[in-house]
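Ready for a tour? Open your viewer, show the model as a cartoon, and get ready to select a few residues at each stop.

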Amino acid sequence: MGHKYDVPRLWTEQMGRVVDTQNELAKDAYVTGQSLEDMRQAYRTERAFWNEGGPSVAVVTDYNAPTRYGQVRVRYYRPTAEDTLPLIVYMHGGGWVIGDVDTHDRIARTLCHLTGAAVVSIDYTLAPDAQFPRQIHECVDVVTHIRDNAEKWSIDPEDISFAGDSAGANMAVATMLMMRDEGTLSSVRTMLLFYGAYGLKDSMSMRLLGGSWDGLTEEDYAYYLGQYLPDLADVDDPYFNILRNDFSHGIPPSYVVAAGLDPLRDDSRTLAEILTLCSVPHLFHEVDGVIHGFLHHSKMLDQTMEVLSEAANFYTDHPLHP
């Protein structure tokens, strides 16, 4: 679709080294032309390197949570085995088609370490094995189950936050909105949203950015949407098209991150502008010189830890019960 920027010329030196490493790690890189299993396995293989190391936390355990569709695995992180803690619910990215709690383990673990909150990462059913809105229902049911069993989980059922990256950021907002609209969640502490897809069908960043380096060409994005959405009309459903919602009430303080060289960049810009117009407290940070998915790269990219630390500071600066 028209002219594209020479993105490799624009990214930072560290980002370039990350891409070189990524290419070395994934000789059989995950691409949308592969079979689903080959694509998912290639993604897991490449992400394994980026999940090595990072901070340790006191508790990391997998648990099966009941949902209306059956059990869904979650990974539960705690910075301490003692005390009743606030909870951050994390939804992983991967275009709704790839990824799991393993591929995003270091991100969730780091958030747990930096915020001092318990973190639950949800291993929702991937598309097209299941399609929208099932994944949102699964996340709603997991949050409901944990809140209903708050004593067992040692969390404060009223001090809940939502976080996610890429497709997971879309799902994090959708889950919060669905619970708000159903009246099952009276208060939310924060949302921590990293380079999400929020519903734009076209934008300047979509026209000018995206390529083999981030797996987000126009054809790639169309593929992911086609796997997740059973009907083209679902692109206008408010639990997918986040930007169509009413943000004038029930929206918590939000930390919104965009990657400067991301075709989804303008989704985050637009969400931040809506939050401004609706007087929702928020912090918008557009990270220059990095591509979509940079949150994985804390082993090599300084800006990743800067963003995760800023997210944690935003979280701690917005207590639910000041």
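Start by selecting P66 and Q71: Q71, in β2, is the bridge partner of P66. Keep in mind along the way that this is a predicted model. Now widen the selection to strand β1 (residues 59–67) and strand β2 (residues 70–78), which run antiparallel and are joined by nine bridges. What do β1 and β2 form? They form a hairpin, with two residues between the strands.

**Next stop: the largest pocket**

Select L200, K201, M206, Y221 and L225. These are the residues nearest the centre of the largest pocket, out of 21 that line it. The volume of this pocket is about 410 Å³. Which helix gives the largest share of the lining? Colour α9 to see the answer, since five of the lining residues come from this helix. Then add α8 (204–208): α8 and α9 each supply at least two residues of this lining. If you colour the lining of the largest pocket by residue type, you can pick out 13 nonpolar, three polar and five charged residues.

**Going inside: the largest cavity**

Now switch on a clipping plane to look into the interior. The structure holds two cavities of 30 Å³ or more. For the largest cavity, select G94, G95, S166, D214 and H292, which lie nearest its centre among 27 lining residues. About 290 Å³ of space lies in this cavity. Keep α9 (218–228) coloured and add α3 (36–50), as each of these helices supplies at least two residues of the cavity's lining. What kinds of residue line the largest cavity? Its lining divides into 13 nonpolar, 11 polar and three charged residues.

**Last stop: the second largest cavity**

To find the second largest cavity, select W50, N51, T103, R106, I107, T110, L295, H296, S298 and L308, which line it. Its volume is about 40 Å³. Which helix gives the most to this lining? Highlight α4 (residues 105–115), which contributes three residues. Finish by colouring the lining of the second largest cavity by type: four residues are nonpolar, five are polar and one is charged.

Key:
Residues are numbered from 1 along each chain as its sequence is written. This is a predicted model: local features need pLDDT of at least 70, side-chain atom pairs count only at pLDDT 80 or more; totals for chains, interfaces and linings use all residues. Side-chain values use heavy atoms; hydrogens and water are left out. On a 1 Å grid over the protein atoms alone, a cavity is a set of points where a 1.4 Å probe fits but cannot get out, and a pocket is an open set with protein on both sides within 12 Å along at least five of seven lines; lining residues have an atom within 4 Å of a point. Grid points are joined across faces, edges and corners, and a volume is the space filled by probe spheres set on the points. Helices (H or I, at least four residues) and strands (E, at least two) are DSSP runs, numbered from the N terminus. Ala, Val, Leu, Ile, Met, Phe, Trp, Tyr, Cys and Pro count as nonpolar, Asp, Glu, Lys and Arg as charged, and the others, Gly among them, as polar. Two strands pair if DSSP finds at least two bridges between them.
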